[in-house]
Amino acid sequence: ANWFAVSNIEEAMHLRQGGITKPVLILGFTPADRAAQLCANRISQTVFSLDYAKALSEQAQKAGVEVDCHIKLDTGMSRLGFFAIRRIFQSIEQIGETVALPGLACTGIFTHFACADEANEDSDRFTLEQFSRYQKGVAELEKRGVRFSLHHCCNSAATMRFPQMHLDMVRPGVILYGLNPT
């Protein structure tokens, strides 16, 4: 594995304390006041809104650090992220503002598939639609000069079922333990 993805800072710190030196991405929320800890431990943080980005930027500046971030684009999971459905252009503008904030180094962008583990026609169509939304969002950002070095979207099921969507990296979860993602 070249990267590790975890849910929270406690899991990230367990990896660091266990001797893992590879990059770690937190997929969930981390309080902004932990910016210095993120930087000191070389942990990347998901940024899912402009408000959160501003808070993280403020704390990073106070600590005199830069936090590596991955932008979460919500293409249909409806859980966390800059919305890429009805408010795509507003989200694109907010992501542009986010990447310009001091104290943040936004190096990646990703989405999460809502139903890639449901092998049926409707779910497959929705997963393809989510991927299309993701690609359109990234293309619009690139038109505006906003580029990321890492792009990822595949969870366990999508890693197995949609190899054309692997991009720069994948995020296998339960399949690492030999479990079926369904």
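The following paragraphs describe the strands, the helices and several individual residues of a predicted model.

The description begins with the strands, taken in the order in which they pair. Strand β2, which covers residues 24–26, is joined to β3 by three bridges, and the two strands run parallel; within this pairing, Ile-26 has Gln-45 of β3 as its bridge partner. Strand β3 itself occupies residues 43–47, and because five of its five residues are buried, this strand is largely enclosed by the rest of the structure. The burial applies to both faces of β3, since Ile-43, Gln-45 and Val-47 are buried on one side, while Ser-44 and Thr-46 are buried on the other. Strand β3 also pairs with β4 in the parallel sense, over three bridges, and here Val-47 finds its bridge partner in Ile-71 of β4.

Strand β4, formed by residues 67–74, is in turn connected to β6 through six bridges, again with the strands running parallel. Seven of the eight residues of β4 are buried, so this strand too is largely enclosed by the rest of the structure. In the pairing with β6, His-70 stands opposite Gly-108. Strand β6 comprises residues 104–110, and five of its seven residues are buried, so that β6 is likewise largely enclosed by the rest of the structure. A further parallel pairing, over three bridges, links β6 to strand β7, which consists of residues 150–152. Gly-108, which faces His-70, also stands opposite Leu-150 in β7.

Attention now turns to the helices. Helix α3, made of residues 50–63, packs with helix α4, made of residues 88–99, at an angle of about 5°, and the axes of the two helices are 9 Å apart. An angle under 35 degrees counts as roughly parallel, and α3 and α4 are therefore roughly parallel to each other. The residues that meet are Leu-50, Ala-53 and Lys-54 on the side of α3, and Gln-94, Glu-97 and Thr-98 on the side of α4. Sorted by class, this contact includes two nonpolar, two polar and two charged residues.

In helix α5, which spans residues 121–143, one residue of interest is Arg-133. With a relative accessibility of 18%, Arg-133 counts as buried, the limit for this class being under 20% relative accessible area. When residues up to four places away in sequence are not counted, Arg-133 touches Thr-75, Gly-76, Ala-84, Ile-85 and Phe-126. Two of these residues, Gly-76 and Phe-126, are also touched by Ala-114, together with Met-77 and Gln-130, when residues up to four places away in sequence are again left out. Ala-114 is placed in the loop between β6 and α5, and its relative accessible area of 30% makes this residue partly exposed. Although Ala-114 and Asp-74 are 40 residues apart in sequence, their C-alpha atoms are 9.9 Å apart in space.

Another loop, between β7 and α6, holds Asn-155, a residue that counts as buried at 14% relative accessibility. The side chain of Asn-155 reaches the backbone oxygen of Phe-113 at a distance of 3.5 Å. Apart from its neighbours within four places in sequence, Asn-155 is in contact with His-112, Phe-113, Ala-116 and Arg-171. In the segment after α6 lies Gly-173, which is partly exposed, with a relative accessible area of 27%. The C-alpha atoms of Gly-173 and Thr-21 are separated by 19 Å, and the two residues are 152 residues apart along the chain.

Finally, two residues are considered for their backbone angles. Most residues other than glycine have a negative phi. Arg-42, by contrast, has a phi near 50°, which is a positive value in a residue other than glycine; this arginine lies in the loop between α2 and β3. Ser-78 likewise is not a glycine and has a positive phi, of about 60°. The loop between β4 and β5 is the place of Ser-78, and this serine is exposed, with a relative accessible area of 54%.

Note on methods:
Residues numbered from 1 in each chain as written. Predicted model: local features only at pLDDT ≥ 70, side-chain atom pairs only at ≥ 80, totals over all residues. Heavy atoms only, no water. Axes fitted to C-alpha atoms, helices over the stretch in contact; angles between N-to-C directions. Helix = DSSP H or I, 4+ residues; strand = E, 2+ residues; numbered from the N terminus. Parallel < 35°, antiparallel > 145°, perpendicular 65-115°, else oblique. Contact = heavy atoms within 4.5 Å. Nonpolar A, V, L, I, M, F, W, Y, C, P; charged D, E, K, R; others polar. Buried < 20%, exposed > 50% of the residue type's maximum accessible area, 1.4 Å probe, protein only. Pairing = 2+ DSSP bridges. Polar contact = N/O pair within 3.5 Å; in protein donor to acceptor, adjacent residues only side chain to side chain.
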